[in-house]
Amino acid sequence: WISQAEYDEATAEWRGQKQPGGGGNPYQSKIAYLGRDYISLAFQRFRQNQIDEEQLADYLEMKPRHCPSSEFLGQRAGSFKGGSGSSG
């Protein structure tokens, strides 16, 4: 157990370490949350025209309008097998 004084001191220190306005990188958070393999597979299926943009967005838990500009998310999550150029 720790005393109330020790707890208060520690929480004050932790609050002082918080970066103002810093929420981290949302794309890195998405990769950490969903996993590299999962994201790579979703983009692979999209590039193979097995799923559409709306399905990709659903799998990646983002809005469809964010998917084309967020394709690098899949590249950051891991290399695509079979190339990185757009198909179609």
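Reader: Hi! Is Asp52 buried, exposed or partly exposed, and what's its relative accessibility?
Author: Asp52 counts as partly exposed, at 41% relative accessibility. Keep in mind that this is a predicted model.

Reader: Thanks! Where does Asp52 sit?
Author: Asp52 belongs to the loop between H3 and H4.

Reader: And what does the side chain of Asp52 reach?
Author: The backbone nitrogen of Glu54, at 3.2 Å.

Reader: How far apart are the C-alpha atoms of Asp52 and Pro64?
Author: They are separated by 9.8 Å, and the two residues are 12 apart along the chain.

Reader: Let's stay with that loop. Which phi does Asn49 have?
Author: Asn49, which is not a glycine, has a positive phi of about 60°. Asn49 also sits in the loop between H3 and H4.

Reader: Buried or exposed, that Asn49?
Author: Exposed, because its relative accessibility is 61% and the cut-off for exposed is over 50%.

Reader: Nice. Moving on to Gln55, where is that one?
Author: Gln55 is in helix H4. With 36% relative accessibility, Gln55 counts as partly exposed.

Reader: How far is Gln55 from Ala42, C-alpha to C-alpha?
Author: The separation is 9.1 Å, with their positions 13 residues apart along the chain.

Reader: New topic: Lys30. Which helix holds it?
Author: Lys30 lies in helix H2, which covers residues 26-34.

Reader: Which side chain of opposite charge is nearest to Lys30, and how far away is it?
Author: That is Glu61, 4.4 Å away. Lys30 is buried, yet it has no salt bridge.

Reader: Hmm, why doesn't the 4.4 Å pair with Glu61 count as a salt bridge?
Author: A salt bridge needs a side-chain nitrogen of Lys or Arg within 4 Å of a carboxyl oxygen of Asp or Glu, so Glu61 at 4.4 Å does not qualify.

Reader: Then what does the side chain of Lys30 reach in Glu61?
Author: The backbone oxygen of Glu61, at 3.0 Å.

Reader: Tell me about Glu61 itself. Where is it, please?
Author: Glu61 lies in the loop between H4 and H5. At 48% relative accessibility, Glu61 counts as partly exposed.

Reader: What about phi of Glu61?
Author: It is near 55°, a positive value in a residue other than glycine.

Reader: And Met62, where is that found?
Author: Met62 is in the loop between helix H4 (53-59) and helix H5 (72-77).

Reader: Is Met62 buried or exposed?
Author: Buried, since its relative accessible area is 17%, and buried means under 20%.

Reader: How far apart are Met62 and Lys30?
Author: They are 9.6 Å apart in space, C-alpha to C-alpha, and 32 residues apart in sequence.

Reader: Back to H2 for a moment. How do the axes of H2 and H3 cross?
Author: The axes of H2 and helix H3 (residues 36-47) cross at roughly 100° and come within 6 Å. That makes H2 roughly perpendicular to H3.

Reader: Which residues meet there?
Author: On the H2 side, Lys30, Ile31 and Leu34; on the H3 side, Arg36, Tyr38 and Ile39.

Reader: So Lys30 turns up again! Now zooming out, how many helices and strands does the protein chain have?
Author: Lys30 does take part in the H2 and H3 meeting. As for the protein chain, it has five helices and zero strands. Its elements run α-α-α-α-α from the N terminus on.

Reader: How many residues are there, and what share counts as buried?
Author: The protein chain has 88 residues, and 25% of them count as buried.

Reader: Last one: what share of the contacts join residues at least 24 apart?
Author: The share is 61%, taken among contacts in the protein chain between residues at least 6 apart in sequence.

Note on methods. Residues are numbered from 1 along each chain as its sequence is written. This is a predicted model: local features need pLDDT of at least 70, side-chain atom pairs count only at pLDDT 80 or more; totals for chains, interfaces and linings use all residues. Side-chain values use heavy atoms; hydrogens and water are left out. Helices (H or I, at least four residues) and strands (E, at least two) are DSSP runs, numbered from the N terminus. Buried means under 20% relative accessible area, exposed over 50%, partly exposed in between (1.4 Å probe, protein chains only). Lys and Arg count as positive and Asp and Glu as negative; His and the chain ends are not counted. A polar contact is a pair of N or O atoms within 3.5 Å; within protein, one must be able to donate a hydrogen and the other to accept it, and residues adjacent in sequence count only if both atoms are side-chain atoms. Axes are lines fitted to C-alpha atoms, for helices over the stretch in contact, and angles run from 0 to 180 degrees between N-to-C directions. Angles under 35 degrees count as roughly parallel, over 145 as roughly antiparallel, 65 to 115 as roughly perpendicular and the rest as oblique. Contact means heavy atoms within 4.5 Å.
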